[in-house]
Amino acid sequence: MSFATGSIRARLMVLVLLAVLPALGIILYSAAQQRDHALTMAKEKALGLAREVSRLQNEHLARAEDMAFTLAQTSQVRGLQAAACTELFAAIMRKTPQLGNLSACTPDGWVFASGHPLPQPVNISDRPWLQQTLREGRPAVSGYVLGRIINKPIIAVTQPVVDEKGALRAVLVASSDLQWLNRSLDDLGILPGGAYVTIIDSQGVVLMRHPHPEGLLGQALPNAPLAQAVLGRREGVVQAMGIDGAQRVYGFAPLHPGRDYAYAIVGIPEDEAFAEIQRNHARDLLLLGLALALALAATWLVGGRLLARPVDSLLQVTKRLAQGDLAARSGLPRGSDELSQLAAEFDGMAESLAWQYTELQQSLDLLSASNRALRMLGHSNQAMIRAGDETRLMEEVCRIVVEEGGHQMAWVGLVMQGEGQPLRPVARWGDRDGLAEALQLTGAEGRRGNGPAAVLSGGPMAFDDLAGDPEGAPWRAAALERGYASAMALPLRADGEILGSLHVYSARVEAFPQEEVNLLAEMADDLAFGIKGLRARGELERATEELRRHRDDLEGLVTERTTELNQANERLKWEMAEHLRAEQQALKLAAIVESSTDGIISKGLDGLITSWNQGAEQIYGYQAEEVLGRHTSMLAPPERAGEISAILDQIKQGQAVSHFETVRRRKDGSFFDVSLNVSPLRDSQGQVIGASTIARDITERKLAQAELARSNAELEQFAYVASHDLQEPLRIVTNYLQLLERRNKGRLDADAEKFITQAVKGAARMRGLIQDLLAYSRVGTRGKSLELVSAETVMEDVQANLKIAIEACGAVVTSDPLPTVRADASQLGQLMQNLVGNALKFRGTDPPRVHVSARREGGEWVFAVRDNGIGIEPQYLERIFGVFQRLHTRAEYPGTGIGLAICRRIVERHKGRIWVESRPGQGTAFYFSIPAEEGRQP
């Protein structure tokens with residue numbers, strides 16, 4: 001056959017090839033799209049699995065922290081019972097294989113109890129996480145370390161163990177072993193075929209590999225391509241060569257974010273991800289190749305019978321088809337010849353291509369919608385995995401529908417209680433015009449109610465054309481006004497319960513093919529399941545919290561009841577002891593009363609005498625049988641009878657009468673001075689039923705006081721006269737010496753001037769000594785009556801009086817808040833000024849620092865005056881309070897040696913005491929006490 005006769009066949013074969021090329025392009029394009037989609041799905045799946053592995057590990061770590069907290073409260077651990085703790089830890093680990101180990105150590109790091117046997121004594125004091133717990137007294141979590149007891153990679157969780165006073169006694173350590181994750185992954189079966197899970201730490205060290213971990217555990221591979229792609233990032237997806245050299249799609253996520261990072265990496269082989277796509281691609285190419293082979297064979301067979309014009313016609317039609325005009329036809333008449341049949345077949349092929357192209361376009365649209373729906377389904381599942389709040393989950397799903405699905409608006413409504421109640425919109429995305437509220441959808445009876453009431457219909461409903469759907473007339477106006485052309489409603493159904501519905505709106509007509517509706521319905525079911533799960537988890541958390549609260553209340557009630565019982569027992573013991581002491585005291589008191597030299601008399605509220613001791617017989621001269629049952633007024637002179645009634649009135653009010661001095665009459669008619677102390681007598685209910693009187697004969701004391709007053713007056717007069725008579729000659733001597741010094745200034749030799757100066761100074765010292773002696777003698781006679789005085793005010797006056805001396809030596813005088821006491825204000829000021837003045841006088845090389853304070857000790861206030869002066873030798877501490885007692889020469893420190901004696905005299909007048917504490921070179925502290933007023937604080 002010549003080339004000329006074969007050119008028609010060649011041309012026809014070229015035409016056939018050209019006709020097949022669009023189909024081949026479509027197949028190749030579809031294969032590329034499917035490959036991209038498969039790669040996207042593989043990445044999402046790898047990332048989702050990596051997050052799931054991270055979640056499993058984080059949940060396991062949280063359980064380990066909770067277990068460590070619980071065990072730290074047990075009596076075995078708090079009591080440091082090594083054997084009991086070891087047995088308890090071993091029992092818990094048998095029931096909890098996820099734990100690597102449970103152990104407890106003392107604050108110095110020595111492990112005293114372990115769930116795994118200790119091969120030898122173990123000390124973990126160098127572990128940073130243990131040091132953190134010891135330093136801060138709170139739990140800590142380590143990074144991934146090699147355990148010293150189980151020799152495996154672990155995470156250590158610490159919990160401090162404290163006693164009742166809050167002191168740290170031990171540290172409990174719960175270790176998490178990564179090998180449990182291998183078992184969990186096997187049990188869950190979530191890994192696709194050929195997938196690997198690898199866990200590396202922040203340095204690229206392989207901590208776990210599942211499956212087939214042999215040969216890689218513990219290796220540091222920071223320079224491996226996969227490690228370089230992962231380290232330093234939060235989470236993501238990469239295509240890289242794995243640690244074992246295989247090319248995979250890897251998803252990675254951090255373990256326990258917020259601490260030292262480690263990463264969970266899940267790798268899916270690319271061959272596994274593209275296997276089904278490659279099989280479909282090979283099948284399509286095979287079918288296309290078979291079709292092409294058949295077409296070429298037919299063209300070869302019939303080409304010789306074609307004429308040029310029909311061939312040209314067919315060639316033109318072929319060109320049109322090649323240009324995409326699938327409506328082109330040959331137009332050749334039909335007949336039985338080969339050319340006619342070819343034309344008919346060609347036209348049929350053109351029609352088939354047009355139909356296939358239409359079908360292919362529809363398939364691509366459907367595939368695109370399915371891809372969108374699959375992406376929405378995948379992303380919504382990821383949102384449910386991460387969700388912690390019901391409303392945020394529904395908002396995230398609405399966002400995914402709008403942004404991932406390409407729709408204009410989505411909202412979720414929940415069912416309200418009661419028939420015909422409106423759906424309550426709780427989440428939305430893209431609803432800028434308030435369509436969800438404007439619709440006012442309800443759960444009314446009927447398939448649609450006044451809106452797409454998918455809640456009652458129990459199945460998804462799609463409205464492909466809102467404008468042309470007669471069933472949407474009652475509610476479509478609001479949607480059409482906002483530019484929506486189609487809508488869909490999907491029920492949120494979980495465990496047979498309708499929770500609400502998901503509503504989707506699109507601006508396109510027929511925007512919801514059936515495949516997308518099915519996938520969106522599946523997404524709605526997953527959303528309902530997620531809502532139900534979040535609600536169940538919330539109920540569980542609330543129930544757990546309620547149970548914990550009841551447990552705490554029960555423990556508190558038990559503790560409270562135990563405390564009450566202990567207190568009742570102690571109170572009963574105390575009452576029994578008090579009763580026994582009371583009986584013994586009563587016996588002692590009866591003996592004392594009977595043997596007392598004071599008159600002890602009891603009487604009723606009517607004044608009738610009910611008891612009379614021997615002391616009363618001696619004082620009053622009456623025997624007991626002479627006075628019992630008679631009124632106590634018989635003992636008082638007639639002019640003092642009113643005192644008896646006044647005292648009884650005061651006793652009836654529950655008030656005692658103390659040290660009441662008066663005059664009473666004896667049996668022989670003589671009168672004597674007496675001091676009475678009258679106290680109310682009470683019954684067991686505390687009611688006043690009578691009075692007890694202690695009478696003491698003070699006749700001799702009165703006489704002594706009168707004599708003492710007379711003697712003091714004479715002594716004071718003598719001291720005044722002596723001081724006046726002594727000072728007058730001194731003034732004369734001093735004046736004449738000073739006059740002699742002025743008149744002979746410059747005419748006397750040095751010795752004479754020195755003698756005159758010494759004589760003047762001696763006279764001045766004598767005058768000061770006389771004045772101090774006079775002050776010393778007048779402490780007990782010229783003092784004012786004692787009254788309530790603010791020591792704070794007295795101290796302010798002392799500082800004002802000594803202001804010049806304080807500033808001259810650069811002293812600092814401070815004081816604490818001082819109390820109010822019953823004292824002679826003038827003498828209290830003299831006392832404090834003498835002590836502060838001594839501190840300024842006997843100072844060392846440093847500027848003086850004086851501090852005045854007071855504290856309550858029992859029934860008295862103890863004042864302290866502390867300084868940083870030269871101090872006193874121990875052997876002189878008692879001597880310094882004597883008159884004329886000096887420890888230094890007058891050249892070193894001036895003074896008469898009477899100041900501290902005056903201080904002691906003042907303190908003794910106030911019924912107090914004075915003493916000193918000191919060490920040479922370390923300062924001195926003078927203390928004095930003054931009786932405190934009952935019930936009065938600073």
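User: Which strand order does the open sheet of 5 strands with mixed pairing have?

Analyst: Happy to start there! This is a predicted model, where local features need pLDDT of at least 70, side-chain atom pairs count only at pLDDT 80 or more, and totals for chains, interfaces and linings use all residues. Residues are numbered from 1 along each chain as its sequence is written, and side-chain values use heavy atoms, without hydrogens and water. With strands taken as DSSP runs (E, at least two residues; helices are H or I, at least four), numbered from the N terminus, and pairs needing at least two bridges in DSSP, the order is β22-β24-β25-β27-β26.

User: Why is one side of β22 and of β26 left without a neighbour in that sheet?

Analyst: Good one. β22 (812-815) and β26 (914-918) are the edge strands. One side of each stays free because each has a single partner strand.

User: Which residue of β27 stands opposite Glu-917?

Analyst: β26 and β27 (residues 924-931) run antiparallel and are joined by 5 bridges. Opposite Glu-917 in β27 stands Ala-925.

User: Which helix contributes the largest share of the largest nonpolar core?

Analyst: Such a core is a set of buried (under 20% relative accessible area, 1.4 Å probe, protein chains only) Ala, Val, Leu, Ile, Met, Phe, Trp, Tyr and Cys residues joined through side-chain atoms within 4.5 Å. The largest has 39 residues, and Phe-89, Leu-102, Leu-172 and Val-266 touch the most other members. Its largest share, 9 residues, comes from residues 3-72, helix α1.

User: In β5, which residue is the bridge partner of Thr-158?

Analyst: Strands β4 (residues 153-162) and β5 (residues 168-177) run antiparallel, joined by 9 bridges. The partner of Thr-158 is Val-173.

Note on methods: Buried means under 20% relative accessible area, exposed over 50%, partly exposed in between (1.4 Å probe, protein chains only).
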